[in-house]
Amino acid sequence: MALEMRDRCERCGTTELPADGPVRICSYECTFCLACGEAMAQVCPHCGGELVARPRRAGGGA
């Protein structure tokens, strides 16, 4: 099962998130830009889980 590579920050909604760029996610795949992750102290506002770096896909494929 692959991660859903969301392309917008769930908090600010304006930051585009490229699949190979730095992004923060929780274990439920809530997705945030770096600035929002930092503003939330790396804690997901939905589940309270830790926000970590989203893994990058090699070669950009699925």
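**A short chain, from the whole to one glycine**

For a chain of 62 residues, a compact globule would have a radius of gyration near 11 Å, and this chain agrees, since its value is 11 Å. Before I go on, please keep in mind that this is a predicted model.

Let me stay with the whole chain for a moment. Taken along the principal axes, the box that the C-alpha atoms fill is roughly 30 × 25 × 15 Å. The accessible surface is about 4,000 Å². Carbon and sulfur atoms account for 52% of that surface. As for burial, 29% of the 62 residues count as buried.

Next, the charges. The chain has 7 positive and 8 negative charges. How far apart are their mean positions? The answer is 1 Å.

Now the secondary structure. The chain has three strands and one helix. Starting at the N terminus, the order is β-β-α-β. Contacts say something about how the chain folds back on itself. If we take contacts between residues at least 6 apart in sequence, 42% of them join residues at least 24 apart.

Two loops deserve a look, each for a backbone angle. The loop between β1, residues 24–25, and β2, residues 31–32, holds Glu 29. Glu 29 is not a glycine, yet its phi is positive, near 70°.

The other loop runs between α1, residues 34–39, and β3, residues 52–53, and Gln 42 has its place there. Gln 42 is also a residue other than glycine with a positive phi, in this case about 60°. Is Gln 42 buried, partly exposed or exposed? Its relative accessible area is 25%, so Gln 42 is partly exposed; the cut-off for buried is under 20%.

That brings me to the last residue, Gly 37, which sits in helix α1. Gly 37 counts as buried because its relative accessibility is 0%. Which residues does Gly 37 touch, if we leave out those up to four places away in sequence? They are Phe 32, Gln 42 and Leu 51. So we meet Gln 42 again, because the partly exposed residue from the loop is one of the contacts of this buried glycine.

One distance to finish with Gly 37. Val 23 is 14 residues away from Gly 37 along the chain, and their C-alpha atoms are 8.5 Å apart.

To sum up: the order is β-β-α-β, the radius of gyration agrees with that of a compact globule, and Gly 37 in the helix is buried at 0% relative accessibility. That is all I have.

Key. Residues are numbered from 1 along each chain as its sequence is written. This is a predicted model: local features need pLDDT of at least 70, side-chain atom pairs count only at pLDDT 80 or more; totals for chains, interfaces and linings use all residues. Side-chain values use heavy atoms; hydrogens and water are left out. Helices (H or I, at least four residues) and strands (E, at least two) are DSSP runs, numbered from the N terminus. The radius of gyration is taken over C-alpha atoms; the globule rule is 2.2 Å times the number of residues to the power 0.38. Buried means under 20% relative accessible area, exposed over 50%, partly exposed in between (1.4 Å probe, protein chains only). Contact means heavy atoms within 4.5 Å. Accessible areas come from the Shrake-Rupley method with a 1.4 Å probe; for residues, only the protein chains shown count as cover. Lys and Arg count as positive and Asp and Glu as negative; His and the chain ends are not counted. The place of a charge is taken as NZ of Lys, CZ of Arg, CG of Asp or CD of Glu.
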